[in-house]
Amino acid sequence: MLHRFALVLLSLAIACSELPYCHAIETIPNNLSIRLQPVAGRDYPPVITALAISPGGELLAAAGDDHAIRLLSGNDFSEQRIIGQHSDWVRSLDFSPDGSTLLSAGNDGRIQVWQRENHWENPRDIGGGPALACVRFNDTGKRIAAVGFDPQIFLMQAKSIPAANLTCKCRDLRTALFTEVDDILAVGGRSGEMHFIDPDTGATLAEISLHVGRLRDSTLVRGANMIVSVGEDGRCAIVDTVQMKMLREVTIPGCKLLSVAAIDSQHVAVGGSDNLIRVLNVNSGEVTKKLTGHQGTVAVLKANVEHLISGSYDTSIRFWRLSQIQQHETVAGIPGMESTDTTSTLATER
């Protein structure tokens, strides 16, 4: 099982790799939209369920329902390279803080560890787990947490903790992250609760009820000691990570929320089943912007200092300039592809 593995991650020199595959980009004012080339044997591009941006912003990793992991150039998003495949949907990607390592995990119950020094080839493969929904590094890169369709939390670090100490009350966990203060592990899933775990002992420090139904995603709001979670009840819950309590909640009527990403210390973007992305002020609880253009559920959101990047069941990846989001109340994606008010159907979800 995964809990038997302990990974001690070493700092590795960053060396850029060639990205030989080109892909045409459709250009719109201050925005980009692409669809990935189909893998061999498929006639259509993949649904996008996982994204990760390298710390330096030079690489974007993308994956989805075709099981393949691709690297794109972070400069113009025009180059593409397939580095490998899982045997089922890829649900989560994460770069290490130094950019030397990429983690991938998905429904096949495997974590693959890709190294830059190996040119992102021949990954270390860790198997034997349930379907995995999320894998994350902590801020030092010396801890990895993974959660999935099981109450077991898989924590990989130099110090081993008995598996019995890392069992959550919630089955079907969907999200995991480490807080800025004290490196506490926060996980959540089907129960709608967020569980705060001491990674040194496995002890549960707090359990906070946030959602009615499944908690789907969470993000750390850096510099604010906050986590924002989203759920199928349409709620955004804003949590104080020091006091481990909910500060406020915001409900988006008429849709399930599946994805969230922090834009800065005051704003997050949330995406859901109504195809829209909303920008939320975490201090006031006000929705300040709407981003339109996706024609399917917004399954994943990531952000760096320049872009908000969204992946969808409509098979597109869209790139939103943060400077544009700050200027306009409503931002259109591709002209002629405005979103509707209808709720999208989630494809093949557990």
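Select S54 to begin: with 2% relative accessibility, S54 is buried, where buried means under 20% relative accessible area, exposed means over 50%, and partly exposed lies in between (1.4 Å probe, protein chains only). S54 sits in the loop between β4 (48–53) and β5 (59–64). Strands here, like helices, are DSSP runs numbered from the N terminus (helices H or I with at least four residues, strands E with at least two). Show the neighbours of S54 next: leaving aside residues up to four places away in sequence, S54 touches L59 and F95, contact meaning heavy atoms within 4.5 Å.

Before going on, a note on the model. It is predicted, so local features need pLDDT of at least 70 and side-chain atom pairs count only at pLDDT 80 or more, while totals for chains, interfaces and linings use all residues. Residues are numbered from 1 along each chain as its sequence is written, and side-chain values use heavy atoms, with hydrogens and water left out.

**A four-stranded sheet**

Select β8, β9, β10 and β11. These four strands form an open sheet in the order β8-β9-β10-β11, and their pairing is antiparallel; two strands pair if DSSP finds at least two bridges between them. Strands of a sheet pair through backbone hydrogen bonds, either parallel or antiparallel. Which strands are at the edges of the sheet β8-β9-β10-β11? The edge strands are β8 (90–95) and β11, each of which pairs on one side only. From one strand to the next, the twist averages 15 degrees; the axes behind such angles are lines fitted to C-alpha atoms, for helices over the stretch in contact, and angles run from 0 to 180 degrees between N-to-C directions.

Zoom in on β8 and β9 (residues 101–106), which pair in the antiparallel sense over five bridges. Within this pair, D94 has L103 in β9 as its bridge partner.

Now colour residues 83–115. UniProt, in an unreviewed entry, lists residues 83–115 and 291–330 for "repeat: WD". Its positions are given in the numbering used here, feature names are shortened, and annotations may be inferred rather than shown by experiment. Over residues 83–115 the chain is 61% strand and 0% helix, and the end C-alpha atoms lie 11 Å apart.

**Two residues with positive phi**

Most residues other than glycine have a negative phi, and most peptide bonds are trans. Select W120, in the loop between β10 (111–115) and β11 (124–126). The phi of W120 is near 60 degrees, a positive value in a residue other than glycine. Is W120 buried or exposed? At 0% relative accessibility, W120 counts as buried.

Go on to D183, in the loop between β15 and β16. Its phi is near 55 degrees, again positive in a residue other than glycine. D183 is buried, with a relative accessible area of 17%.

**A three-stranded sheet**

Select β12, β13 and β14, which form an open sheet in that order with antiparallel pairing. At the edges are β12 (132–137) and β14 (150–156), each pairing on one side only. Neighbouring strands of this sheet are turned by 15 degrees against each other on average, direction ignored. β12 pairs with β13 (residues 144–148) in the antiparallel sense over five bridges. For one facing pair, select R136, which stands opposite A145 in β13.

**Salt bridges**

How many salt bridges does the structure hold? There are 19 salt bridges, each being a side-chain nitrogen of Lys or Arg within 4 Å of a carboxyl oxygen of Asp or Glu. Side chains of opposite charge can pair when their charged atoms come close.

Select R222 and E180, whose side chains meet in a salt bridge (3.7 Å, N to O). R222 lies in the loop between β19 (215–221) and β20 (226–231), and E180 in the loop between β15 (173–178) and β16 (185–189), so the pair ties together parts 42 residues apart in sequence. R222 is partly exposed at 44% relative accessibility, and E180 is partly exposed at 35%.

Next, select E232 and R214, which meet in a salt bridge at 3.3 Å, N to O. E232 lies in the loop between β20 and β21 (235–240) and R214 in the loop between β18 (204–209) and β19, so this pair ties together parts 18 residues apart in sequence. E232 is partly exposed at 22%, whereas R214 is buried at 14%. Extend the selection to the network of salt bridges that links D172, R174, R190, R214, R216 and E232.

Finish at R278 and D274, a salt bridge whose closest N and O atoms are 2.8 Å apart. R278 is buried, with a relative accessible area of 8%, and D274 is buried at 6%.
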